[in-house]
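Here are some short exercises for getting to know a new structure. Try each task yourself, then follow the solution step by step.

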Amino acid sequence: MELNHMTEKSLIRYDVKETTKEKVIWALVESLYEQGYITSKDEYFETVLAREKVSATGMEAGLAIPHGKSSAVKKAGFAVARLSNPIDDWESIDPNNKVELVFLLAIPEGEAGSTHLNLLAELSTRLMDKEYYGRLMAAENSEQFIAALDQVSVKEKEDKATYEKTILAVTACAAGIAHTYMAAEALEQAGKEKGIRVLTEKQGANGLEDEHTAAMIQEADAVIFATDISPKGKERFQGLPYIQVRVAEPLGKGDELIDRVLNNPDGIVSVENATESADGSENQPANKKTGVLAEMGQAILTGISYMIPVIVAAGLMMGIAKLGAVPFGLVNEINDISYATHDNELFVILHHLDKFGFMIFQFMYPIFAAFTAYALADRVGIVSGFIGGLFAAGIHYRFWGIEEGIPSGFFGALILGLSAGYIARFLNRKIKLNKNFQAMKPMLIIPAISVLSIFLLNFYIVDPVFGGLNVLLRNTIEASQESGEIVLSTIIAAATAFDLGGPINKAAGAIAIGLAADEIFPLTARVLAIVIPPIGLGLATVLDKYVVGRRVFDANLRVTGNTSILLGFIAISEGAIPFMLRNPIITIPINIIGAILGAVTAVLLGAVQWLPLPAFWGWPLVENIWAYLIGLLVGTLFIALANIFIRHMLIKRGRMTITS
């Protein structure tokens with residue numbers, strides 16, 4: 001393999017005088033950008049810094065290999081910096097490491113199995129060879145460095161027959177290149193020196209390489225899991241002694257780990273502890289556990305990723321039904337039960353399609369809560385999480401015959417989904433049964449206890465607290481009916497935008513429609529506040545790279561953003577709920593302020609809308625449509641720009657990261 005195809009002379013820099021890790025990485029990022037390897041400096045730079053927080057990329061003998069996997073990488077490659085001033089505070093596996101030679105690896109998202117990634121893996125492995133590394137350090141300029149890249153020592157084949165013991169190892173890091181392959185090489189070399197055969201399975205960017213077979217596992221004496229992410233297929237090694245360490249540990253302690261797994265293992269791999277490791281918590285070292293807030297954030301992200309297709313499917317079904325009803329003037333009437341048996345078959349189909357979309361929306365919160373719990377507790381959390389989501393959606397009120405019940409909405413889904421996950425995980429870890437009764441735990445005991453716990457939590461805390469809050473807000477809206485035009489518009493717009501179709505939104509709608517029906521106050525503020533948040537948030541995902549020169553939303557939210565714009569124009573605000581669930585502290589205040597600005601601007605300029613038609617097909621019925629459109633533009637632009645700039649600021653300060 002010729003590594004010189006992965007870089008070029010202009011990427012081998014001997015002029016780097018920066019004295020901090022961040023500045024060195026940025027200099028190499030700029031080089032990669034100038035040579036066309038990446039499309040966005042900021043996005044890739046943030047990806048590399050996020051990877052730095054996972055584990056040390058400094059090695060030993062002056063070497064550091066920062067790296068990142070991102071959609072901003074156009075083609076795989078690497079840049080190199082030979083530092084004029086060694087950096088002694090670069091986090092390294094050797095505490096005394098003074099970094100002099102830096103390889104920055106650029107890894108494309110989703111390019112598993114490519115020749116480029118194989119070459120990067122080969123580079124990581126070669127750097128473990130001290131003679132090879134010495135030749136690179138001895139190079140005096142970029143030409144000599146390029147030539148030394150492919151000067152590889154010929155190694156003698158191992159005589160496997162001399163080995164008395166066999167240890168299996170699984171290595172995996174977040175990006176799936178450097179540490180994954182270097183840890184594997186380090187363990188193999190340490191085993192060779194000790195006369196012990198070590199067979200490594202790499203779970204990296206290229207998928208599973210050198211996968212352990214059933215025969216290997218049968219003959220093995222122990223297994224080492226050197227991973228920063230949850231290892232795949234851990235249950236395969238049931239019955240083997242094991243240790244679990246971070247992926248960087250073998251780079252400096254390979255021989256110690258071999259002794260430890262043979263003489264003082266962490267335990268024996270069982271189905272139970274293999275399942276428990278699925279949340280990744282066992283992969284954390286004792287002195288560096290994942291924070292609760294970070295763990296919750298990751299679980300919420302998982303829930304959102306599974307919820308998004310539900311919202312998209314529901315919105316599209318309702319959108320098709322309403323758009324199909326536009327030519328017949330039946331947009332608001334098509335959901336009436338009379339159209340279920342209409343003589344016109346088209347009306348029947350449109351009616352049922354609209355109802356079908358509405359039905360799908362009812363499963364938005366159950367899916368979100370179920371997979372939020374799943375992210376924390378694996379499969380044992382799904383049932384209680386799903387039921388918690390049903391409570392949040394208010395479906396239980398229909399079965400209990402409570403007409404005035406107010407569901408807890410997205411706040412309830414958040415609390416119940418997270419609670420279900422933690423309860424199920426706690427039960428899975430603490431309940432110990434005889435192996436003959438092991439199947440009862442996930443099938444009977446955990447579901448029964450966790451579901452009962454969620455019921456009690458919802459009955460005594462979630463429903464009363466958020467139901468009481470919603471009643472208080474509804475009473476506040478009702479009390480504001482005698483207020484002035486601007487005050488009432490502000491209150492109605494704020495309540496409408498608060499929870500995007502939730503109970504407070506519906507309470508505001510009932511009062512606003514009642515005032516309009518009595519010809520007391522028009523619906524202008526209400527209809528604008530329905531469409532401004534979803535359009536504004538969707539617009540933010542389109543404009544971010546043009547406004548601040550980089551993406552500030554992850555891939556899932558960018559997909560949701562396109563759908564949110566479409567659903568916003570047809571007055572389905574639920575399309576923006578994933579944004580609210582991901583960052584409620586940012587999203588809710590911006591939504592409220594944007595809706596208020598847009599609604600009040602339109603009202604002050606003279607826009608009047610009496611009919612409850614917030615979608616674009618109702619715009620021809622608006623008096624002074626230009627004032628209405630100006631208000632819409634003001635509100636959506638505020639939401640879009642505020643989200644972009646606030647997120648950009650938080651990312652720059654390291655308080656927010658995105659996954660491309």
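A salt bridge is a side-chain nitrogen of Lys or Arg within 4 Å of a carboxyl oxygen of Asp or Glu. Keep in mind that this is a predicted model.

**Exercise 1. Salt bridges around R236**

Task: Find which residues form a salt bridge with R236, and say where the partners sit.

Solution:
- Step 1. Begin with E201: its side chain meets that of R236 in a salt bridge, with 2.9 Å from N to O.
- Step 2. Place both residues: R236 is in the loop between β9 (222-227) and β10 (241-245), while E201 is in strand β7 (residues 197-204), and 35 residues separate them.
- Step 3. Check the cover: R236 has a relative accessible area of 25%, so it is partly exposed, whereas E201, at 0%, is buried.
- Step 4. Now turn to E211, which also forms a salt bridge with R236; here the closest N and O atoms are 3.8 Å apart.
- Step 5. E211 belongs to the loop between β8 (207-209) and α7 (214-219), 25 residues from R236, so this pair too links distant parts of the chain. E211 counts as partly exposed, at 43% relative accessibility.

**Exercise 2. A second salt bridge**

Task: Work out what the salt bridge between K21 and E52 ties together.

Solution:
- Step 1. The closest N and O atoms of K21 and E52 are 3.1 Å apart.
- Step 2. K21 lies in helix α1 (residues 21-34) and E52 in helix α2 (residues 41-52), so the pair ties together parts that are 31 residues apart in sequence.
- Step 3. Both K21 and E52 are buried.
- Step 4. For the whole model, the count comes to 13 salt bridges.

**Exercise 3. Helix α12 and its surroundings**

Task: Compare the span of helix α12 with the expected one, then find how many of its residues are buried.

Solution:
- Step 1. Helix α12 (residues 364-377) has 14 residues, which at 1.5 Å a residue should span 20 Å, counting one step less than the number of residues. The end C-alpha atoms are 20 Å apart, so the two values agree.
- Step 2. Count the buried residues, those under 20% relative accessible area: 11 of the 14 in α12 qualify, so the helix is mostly covered. Among them are M364, Y365, P366, I367 and F368.
- Step 3. Look at what covers them: the buried residues of α12 pack against α10 (292-325), α11, α13 (382-393), α15 (409-430) and α21.
- Step 4. Just after the helix, D378 takes a positive phi of about 65°.

**Exercise 4. Nonpolar residues inside**

Task: In the largest nonpolar core, which residues touch the most other members?

Solution:
- Step 1. The largest nonpolar core holds 78 residues, and Y365, F368, I577 and L581 touch the most other members.
- Step 2. Follow L581: beyond residues up to four places away in sequence, L581 touches I300, I304, M307, F368, F410 and L414.
- Step 3. Apart from this core lies another, of 30 residues, including M59, L105, F145 and I146.
- Step 4. As background, nonpolar side chains in soluble globular proteins tend to be buried together.

**Exercise 5. Nonpolar residues on the surface**

Task: Find which elements give two or more residues to the nonpolar patch on the surface.

Solution:
- Step 1. The patch is formed by F399, W400, I402, L452, L456, F459, Y460, I461 and V465, which together have about 970 Å² of accessible area.
- Step 2. The elements to name are α14 (395-400) and α16 (440-479). The largest share, six residues, comes from α16.
- Step 3. Take V465 as an example: it is found in helix α16 and, with a relative accessible area of 48%, is partly exposed.

**Exercise 6. Buried or exposed?**

Task: Decide whether I360 is buried or exposed, and list its contacts.

Solution:
- Step 1. I360 lies in helix α11 (residues 345-361).
- Step 2. The relative accessible area of I360 is 14%, under the 20% cut-off, so I360 is buried.
- Step 3. Leaving aside neighbours within four places in sequence, I360 is in contact with V310, A313, A314 and M317.
- Step 4. The C-alpha atoms of I360 and M318 are separated by 9.7 Å, although the two residues are 42 residues apart along the chain.

Methods:
Residues are numbered from 1 along each chain as its sequence is written. This is a predicted model: local features need pLDDT of at least 70, side-chain atom pairs count only at pLDDT 80 or more; totals for chains, interfaces and linings use all residues. Side-chain values use heavy atoms; hydrogens and water are left out. Patches are made of residues with over 30% relative accessible area and no salt bridge: like charges are joined within 9 Å, nonpolar side chains (Val, Leu, Ile, Met, Phe, Trp, Tyr) within 5 Å. Accessible areas come from the Shrake-Rupley method with a 1.4 Å probe; for residues, only the protein chains shown count as cover. Helices (H or I, at least four residues) and strands (E, at least two) are DSSP runs, numbered from the N terminus. Buried means under 20% relative accessible area, exposed over 50%, partly exposed in between (1.4 Å probe, protein chains only). Contact means heavy atoms within 4.5 Å. A nonpolar core is a set of buried Ala, Val, Leu, Ile, Met, Phe, Trp, Tyr and Cys residues joined through side-chain atoms within 4.5 Å.
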